[in-house]
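Colleague: I have a two-chain model to go through before lunch. Can you show it to me and then take some questions?

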Amino acid sequence: MIHLSNIDKYYDSKFQRTFVLKAVNLEVKEGEFVSIMGPSGSGKSTLLNIIGLLDAPSAGEYSLYEKSALDLKEKDRVAYHRNFMSFIFQAYHLIEEMTVYENIETPLIYKGVKSRDRQAMVAELLDRFNMVAKKDLFPQQLSGGQQQLVGIARAIIGKPKLLLADEPTGNLQSVQGEMIMETLQELNREGMTIIQVTHNELFAQYGKRVIRLEDGIVRGDISTKNNQPAMVK
Amino acid sequence: MFRNYFKTAFRFLKQNKLFAAINVIGLSIALAASFIILLFVINELSYNQVHKNKKQVYRVLNYYVDFKGTNSYTPYILASALKEEFPQIKKAVRCRNVNGLKLKLNNELINVWNAVATNSEIFDIFTLPMVGNQSNQKLLDDPNAIVLSRDEAEKFFPQQNAVGKEITGYLNNQEHIFIVKGVFENIPPNSTFQAQCFLNNQWKVDDINKSFNITNADVDWDKDFWITWVLLSEDSNPKDLQKQIHAFEIKHLGEKPLKIYSLQNLSDVYLGSEQVMNSGMKGNINNIRLFLAIAILIVLVAAFNFIILSTAVSTGRAKEIGIRKTNGAPINSLRIQLLIESVLISVMVLPIALILAKIGLPYAGQLFQTKLEIIPSNIVFYCLIYLCLTLFIGLASGIYTSAYLSRLKVMDVLRNTPMSGKSKQFFRSSLIVIQLLIFCSFVASTLIIRSQYQYALNKDPGYINKNIVLVDLGRDFKGYSAYINSVKSNPNVIMAAGTMEGLPMMSSMASMISNFQDNTQKVKVEGMAIDFNFLKTMGISVIQGRDFSEEFGSDMTNSMILNESAVKQLSITDPVGKKMESSVIIGVVKDFNLHSLHTDIPPLMINMTDRYIEQVAIRYQPGTLSQLIPFLEKEWEKAAPDRPFSYSRIEDIIESLYSSEKNLSTIVTLFALFTLLISSFGLFGLTLFIARSRTKEIGIKKVFGSTGKTIIYSFLKGNLLMVLFASLLSVPITIYFMTRWLDNFSYHTTISWWVFAIAFGVVAVVVFSTVLIHSFRASRINPVEALRYE
Ligand SMILES: Nc1ncnc2c1ncn2[C@@H]1O[C@H](COP(=O)(O)OP(=O)(O)OP(=O)(O)O)[C@@H](O)[C@H]1O
Ligand SMILES: [Mg+2]
């Protein structure tokens with residue numbers, strides 16, 4: 001599904017060129033759950049942003065379903081964001097002026113889903129995450145874990161094929177973090193492709209595959225014990 | 001302590017350069033505009049305040065019972081008679097301007113304008129300080145005395161002390177030697193009493209005696225040529241005096257006096273003399289009110305801007321303030337901090353506004369059609385009011401902002417509770433709506449004033465209002481028929497006729513005539529005196545009877561024509577042939593607008609005259625005026641070589657009737673632009689701020705598939721609501737004020753809806769283009785940048 005070959009990302013300053021990613025090759029198949037790990041500043045977020053079409057690589061090839069995803073028109077990129085992929089952020093990034101309900105609803109509005117259908121879809125997700133009682137609260141009135149659940153709900157309500165999560169558990173205690181991870185795992189089992197960035201060795205193991213980045217170079221690519229044929233239907 | 005406040009305040013301004021700049025520019029424009037208006041208002045209100053005795057100084061007004069009119073001219077003897085008979089009158093003088101005084105400088109005769117013949121006591125009544133330590137008593141007792149203003153003294157005696165010197169002058173066609181008895185400081189322009197030089201009374205008495213061929217102008221109670229000023233003692237009551245004056249009138253003017261004297265305080269002379277003829281300089285209190293209202297509106301718009309921007313910017317600091325509070329900062333210190341910041345900005349604005357006002361002053365003077373001077377004696381007032389106004393804006397917005405921020409609960413601030421944000425946004429939006437409302441009302445009002453102006457110019461007055469010139473004959477011009485006949489010989493002249501005054505008439509003469517059915521009821525009927533063919537020349541149609549005609553020998557003396565209104569209001573049935581005021585009614589004309597559209601069509605009687613023909617109305621073939629004028633002038637030089645040729649086009653006369661409306665529309669347009677400019681500054685700042693504070697939200701939305709268009713739209717939507725709301729609200733307000741204004745006219749347009757549509761359009765365009773700039777930039781936000789750092 002995702003094919004990165006020889007991706008470079010660098011920033012030019014006056015006297016030197018700083019590489020953030022260097023000759024990254026990566027293949028992610030549909031249904032995979034990939035964890036990206038690495039020290040701070042190693043380029044994890046940059047890689048994720050490139051995959052998420054938020055940032056462009058300096059060199060290299062990137063294709064989605066064998067179609068180049070570089071130099072996309074604004075219209076096509078918006079279409080990918082609406083229908084194909086979705087994001088979860090470390091800092092939740094909920095819209096503070098909107099209630100829980102409205103936050104979750106946002107992507108559906110952009111997809112053009114009718115109001116009644118939206119209601120049903122949001123209600124179903126709220127129920128699934130046990131957040132029905134909180135739907136009229138504002139993000140600031142929730143705990144960190146609850147906020148991240150809202151972030152996940154918002155990310156998956158449009159049924160994306162690809163979920164990109166940049167340290168989704170970074171701001172959370174380990175109990176809340178585990179809950180989030182289990183949710184992601186469940187989504188993966190239902191068929192969603194997930195790429196997450198994490199610092200937590202334990203949480204990385206929820207994925208089927210761990211990629212290690214160091215100074216922008218892929219240093220390792222190992223399957224976890226989760227990646228057993230028995231687990232895949 | 002305070003130094004610390006200032007330091008942080010400056011640092012804050014430095015960090016928020018853009019907002020500070022927007023605030024400063026908007027505020028200085030607004031203040032400059034209101035400074036100019038206030039300069040005008042202060043000057044107008046300060047008239048005659050320079051005279052220290054103003055509370056006790058009165059002018060004697062003269063009401064003519066017959067003519068129902070008040071004049072400021074009184075007989076010479078009045079002053080001395082009043083002073084003799086009323087102990088409470090301490091001083092009394094009469095004044096009259098002397099025309100044609102010339103003084104000699106190096107063998108050259110130079111005109112002295114504004115020379116006043118009066119008594120020595122004039123110096124006790126008005127505040128006229130002398131130059132040097134000279135006494136101001138008995139200066140004019142000598143018939144050859146002359147007292148000069150500082151300017152005149154410096155002109156005729158450069159670098160010398162003029163006092164005691166002789167100067168040769170030329171007056172009443174004779175040469176005289178005057179002796180300079182004193183020099184007084186120039187009278188400031190905001191005094192209605194003006195003089196550049198004083199002479200003894202005798203000069204004017206002699207002059208009047210000579211022109212009327214009499215010897216008693218100084219004791220004749222009917223020679224009303226002088227303005228009488230009196231100074232009352234401090235403890236006297238002018239109301240009591242007024243009552244006693246009636247007996248005085250009977251004593252001097254007979255059992256049934258035809259003149260009624262009254263006292264007018266010096267303070268009322270400038271603004272309270274609308275009905276007084278020959279009053280000299282007059283102000284218009286309505287104009288002052290209007291300008292004051294405009295100044296207040298502009299300041300309001302600017303103050304709103306200031307509040308909007310400072311609350312917006314300070315929201316960014318809410319968090320900082322919250323944190324400071326948790327660290328135990330006392331609420332008052334925060335308040336003072338914010339207050340100082342906003343006062344600091346407003347004070348920074350003051351010099352800029354003053355410079356802008358100084359630059360704009362001459363242009364504004366042209367616009368207001370008055371000279372806008374900085375009067376030295378008013379400088380304290382200007383400074384005080386300007387400073388107060390500036391501080392007021394700074395303090396008001398500072399107090400609001402600080403009260404708002406320090407009221408916030410720490411938890412709300414730190415958690416950034418959105419509810420408070422929403423209610424504040426509502427507050428801000430309502431301020432913007434008020435600004436836009438003021439602007440919309442200005443725009444709609446201008447358009448209404450303009451359409452009334454156009455309506456007035458184009459409405460059919462009932463006579464031909466184009467392609468007519470009026471040539472002035474002057475008084476007692478015997479050869480007018482010959483001139484008219486020679487004019488008629490030109491093929492481009494369709495018709496020409498003499499009249500006392502052309503149409504539209506500026507003056508009015510009226511007499512009271514009894515109703516034909518009910519004797520006791522008197523109707524005020526205006527008069528018009530014309531020559532043969534005038535009605536035809538003006539295209540006024542006779543609907544009953546006939547026009548004046550040479551065929552009837554008696555028309556010149558015995559016939560009259562009425563208009564429809566006269567027939568109706570006098571209740572005359574079958575008017576033709578009836579007698580009225582010793583004349584026979586020979587016809588009735590269709591009603592036409594005698595004067596401007598401000599007044600109704602009055603009942604009118606038209607008589608013939610050959611003695612008072614002072615104008616000739618000439619109707620010409622359209623487009624031939626430029627050829628016609630030289631011809632008219634040539635003929636004029638033949639007919640009246642000793643008289644100047646002067647003419648006016650009827651189109652110009654009609655336009656001049658409405659020049660104040662034209663002016664008003666220009667002024668209102670200009671201030672509409674000002675409010676727009678200022679409020680768009682505010683809006684610009686605010687949207688910029690909102691766009692910045694929404695960076696994160698926009699970033700998130702883009703990540704989830706929002707397009708740039710949706711984001712721009714979301715910005716515009718809120719503003720569209722505000723614009724709509726403001727323009728809707730402006731409808732009743734404008735209608736309220738403009739119907740009252742239109743009531744000044746007996747004939748006026750109706751207010752049409754497109755006026756408001758245009759106002760809406762203009763506001764919408766300005767607001768949207770302001771908002772569009774920022775929202776476009778906001779829509780291009782790169783979400784990676786926006787969301788990277790938390
Ligand atoms: N606009 C930029 N200009 C220059 N350098 C940049 C820019 N954006 C990112 N970088 C650099 O790229 C490197 C990689 O950043 P990135 O955010 O991908 O790291 P990361 O692996 O996600 O780190 P962390 O674990 O701390 O989130 C960092 O060293 C950062 O300083
Ligand atoms: Mg990162």
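Modeller: What follows is a run through each chain, then some local details.

Colleague: What kind of model is it, and how are things labelled?

Modeller: This is a predicted model, where local features need pLDDT of at least 70, side-chain atom pairs count only at pLDDT 80 or more, and totals for chains, interfaces and linings use all residues. Residues are numbered from 1 along each chain as its sequence is written, chains are lettered from A and ligands numbered from 1 in the order in which they are written, and side-chain values use heavy atoms, with hydrogens and water left out.

Colleague: Start with chain A. How many helices and strands does chain A have?

Modeller: Seven helices and ten strands in chain A. Helices (H or I, at least four residues) and strands (E, at least two) are DSSP runs, numbered from the N terminus.

Colleague: What radius of gyration does chain A have?

Modeller: Chain A has 18 Å, which agrees with the value near 17 Å for a compact globule of 233 residues. The radius is taken over C-alpha atoms, and the globule rule is 2.2 Å times the number of residues to the power 0.38. Along the principal axes, the C-alpha trace of chain A spans about 55 × 40 × 40 Å.

Colleague: And chain B?

Modeller: Chain B has a radius of gyration of 35 Å, whereas a compact globule of 790 residues would be near 28 Å. The C-alpha trace of chain B spans about 105 × 75 × 55 Å along its principal axes. Its secondary structure comes to 25 helices and 25 strands.

Colleague: What share of each chain is buried?

Modeller: In chain A, 54% of the 233 residues are buried; in chain B, 52% of the 790. Buried means under 20% relative accessible area, exposed over 50%, and partly exposed in between (1.4 Å probe, protein chains only).

Colleague: What about accessible surface?

Modeller: Chain A exposes about 11,200 Å², with 48% supplied by carbon and sulfur atoms. For chain B the area is about 37,300 Å², and 58% of that belongs to carbon and sulfur atoms. The areas come from the Shrake-Rupley method with a 1.4 Å probe; for residues, only the protein chains shown count as cover.

Colleague: Charges next. How far apart are the centres of the positive and negative sets in chain A?

Modeller: They lie 3 Å apart, for 28 positive and 29 negative side chains in chain A. In chain B, the mean positions of 77 positive and 62 negative charges are 18 Å apart. Lys and Arg count as positive and Asp and Glu as negative; His and the chain ends are not counted. The place of a charge is NZ of Lys, CZ of Arg, CG of Asp or CD of Glu.

Colleague: Back to chain A. What is the strand order in the open sheet of four strands?

Modeller: The order is β2-β1-β4-β5 in chain A, with antiparallel pairing. β2 (17-28) and β5 (67-68) of chain A are at the edges with a single partner strand each, so one side of each has no neighbour in the sheet. Two strands pair if DSSP finds at least two bridges between them. β1 (residues 2-12) of chain A is joined to β2(A) by eight bridges, and L4(A) has L26(A) as its bridge partner there.

Colleague: Any odd backbone angles?

Modeller: Most residues other than glycine have a negative phi, and most peptide bonds are trans. N6(A), in strand β1 of chain A, has phi near 55° and is partly exposed, with a relative accessible area of 47%. L53(A) has a positive phi of about 65°; L53(A) sits in the loop between α1 (44-51) and β4 (59-64) of chain A and is buried at 8%.

Colleague: Which peptide bond is cis in chain B?

Modeller: One from L503(B) to P504(B) is cis, with omega near -5°. P504(B) is in the loop between β16 and β17 (509-514) of chain B.

Colleague: What surrounds β16 in that chain?

Modeller: In β16 (residues 493-499) of chain B, five of the seven residues are buried. Six bridges join β16(B) to β24 (residues 615-620) of chain B in the antiparallel sense, with M495(B) partnered by R619(B).
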